[in-house]
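Dear colleague,

I am passing on a structure that you have not worked with before, and I would be grateful if you could look it over before reading the notes beneath.

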2 protein chains.
Amino acid sequence: MARVVALAGQVGGAKLADGLARLRGAELAVIVNTGDDFEHLGLHFAPDLDTVLYVLGGVANPEAPWEPQGESYAVYDMVRRLGGPERLRFGDRALAAPLLRTAWKSADRRLTQITADLCRRFGIAAQVLPMSDDAVRTHVLTDDGAVPFFEYFADLGCEPPVRGFQYAGAEFARVTPEIADALDSPDLEAVVICPANPYHTIAPILEVPGMRELLRRRGAPVVAVSPIVGGKALTGSAGKMMMELRREASARRVALEYLRLIDGFVLDSVDADQAEAVRACGIEALATQTVMRTVDDRVALARAVLDFAAEIRARRLLEAG
Amino acid sequence: MARVVALAGQVGGAKLADGLARLRGAELAVIVNTGDDFEHLGLHFAPDLDTVLYVLGGVANPEAPWEPQGESYAVYDMVRRLGGPERLRFGDRALAAPLLRTAWKSADRRLTQITADLCRRFGIAAQVLPMSDDAVRTHVLTDDGAVPFFEYFADLGCEPPVRGFQYAGAEFARVTPEIADALDSPDLEAVVICPANPYHTIAPILEVPGMRELLRRRGAPVVAVSPIVGGKALTGSAGKMMMELRREASARRVALEYLRLIDGFVLDSVDADQAEAVRACGIEALATQTVMRTVDDRVALARAVLDFAAEIRARRLLEAG
């Protein structure tokens, strides 16, 4: 049974999930965003799922963890030569999971089952769980209308100012039995929201009806880690998006995005001066080293987050006693 | 307008088509077998079409013309690692055409249009025409029942004895406007049946309703080249299949397969002693060097075939005059 459930996506999310997996192994369940999934050349690409698989499976390119190490681009080069789409320079190895996912889905297998099979093949003991077996597609609202996230990213280079987000299909998406089981575990010690874009990586997970309630069901502390360090996202465009949404691009502002969901918030040591502002909102705060350059950094952050959750639990018990 | 129409598939067929393309350029139309097409991992593989495209496009691996030169297998290796099917070790570059074909077909484009686009991208001036836009699937009849050709080839290693063939879907397949146009050309000087398996490469083309009549419509000589040299197929399993079908594995026996369709038959010099038997069936015969080791060999054979057709035409005119 799961002792830790993480919400993840993107590079930072995958890295912290890896740190947690190294500490908790099979007792970790990672719920992964599928709102950024897209269809390209008829194949189901799931960038967040695959990044988590590559990183936890130990095959990720350290410089570009969204693809396997030693990647080549022979298929893409030939596709372009033959008049196929130029956008999305996909790698050869990174094509295998979308190919199999698409083929297995047409054989009526659930995305969760398919992902479990891929996990097993990558030798991953933790459970990697798509946020739903139903399709949710995040759209970015721009001045020119709503654009699927993949187009915003691949065709528009994340340039148009963001006015908001829509999570198409979210209202009909169902929590999977595997996620319900993981979050109903009596041994649950923490729910960890990994450092990732709050709007298009974490929010879609939270938009699945019933997910928020399930996250709090067992009463385990919910702890989020800031994706914003020193006013900027380490990777991705969370900082840019926050400013366009007329929010301060800061760690403490990220904490507000998770108000009424989280018990604790972890921000980077460089943002330690914002801890008080977080606490003023009734959220416990921990300032520590959150930038994960090495595998040791991932484990250290995972340990700090789990220790922080344990403290919150202990303090609650004291207060209740 | 087409001056020469070739029927092709397999390696030998692609090589002679290439020789013809070097002589006739845009005035050549190649009708290609699609009966051996198959779906694998949800993708539409068309081995005969792609072999013709690679060979005419000048990108084929000389040792294995069914794939592009300098091929790698990164996708396949990862697919296997992730639990995908082991059969069909497809190359990275060779995956591009099936990917695009599948994507473009779901966008409601005809196989003929898709193939024309690929041709253009490969810089091929000749027209490469799938035998139909409708699916025909060749099945091999074995003692254990009918097996799709791809399974017979990939899973059974062409081992079970052949008892016959079925061309599923052939009765509903339609000749394309492009094929009808090519065969209706007033300048047509020859129809060439390239050296290829008569049963699963040439027969499916002939099974498309109306095709046989169209091939003879303009009265241009129809000339076939034997795929059997010295009692064996150079590549493929035509010889083995002939024996299992209780036919002599010989060039002259191939000529009989095309009785009432062809005017002339080209056999290899090593089989020159069979020319008389062919002539006895009312088919003109030419013995020449048919093994194509070099590009010059392709052009030489193409020239010999076209000269042979010209002789047949001239003789007919004389006889008619």
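What follows describes how the chains are related and how they touch.

This is a predicted model, in which local features need pLDDT of at least 70, side-chain atom pairs count only at pLDDT 80 or more, and totals for chains, interfaces and linings use all residues. Residues are numbered from 1 along each chain as its sequence is written, while chains are lettered from A and ligands numbered from 1 in the order in which they are written.

Chain B is superposed on chain A by a rotation of 180° with 0.0 Å of shift along its axis, at an RMSD of 0.0 Å (a least-squares fit on the C-alpha atoms of residues with pLDDT of at least 70 in both copies), which is the relation of a two-fold axis. Of the residues of chain B, Asp92(B) comes closest to that rotation axis, its C-alpha lying at 3.5 Å.

The contact (C-beta atoms, placed from the backbone, within 7 Å) takes 24 residues from chain B and 24 residues from chain A. On the chain B side, helix H3 (74-81), helix H4 (93-106) and helix H5 (111-121) each supply at least two residues (helices being DSSP runs of H or I, at least four residues, numbered from the N terminus), and the largest share, nine residues, comes from H4(B).

Helix H4 (residues 93-106) of chain A packs with H3(B) at an angle of about 50°, with the axes 8 Å apart (axes are lines fitted to C-alpha atoms over the stretch in contact, and angles run from 0 to 180 degrees between N-to-C directions). Among the residues making this contact are Leu99(A) and Met78(B).

With best wishes

Key: Two residues are in contact if their C-beta atoms, placed from the backbone, lie within 7 Å.
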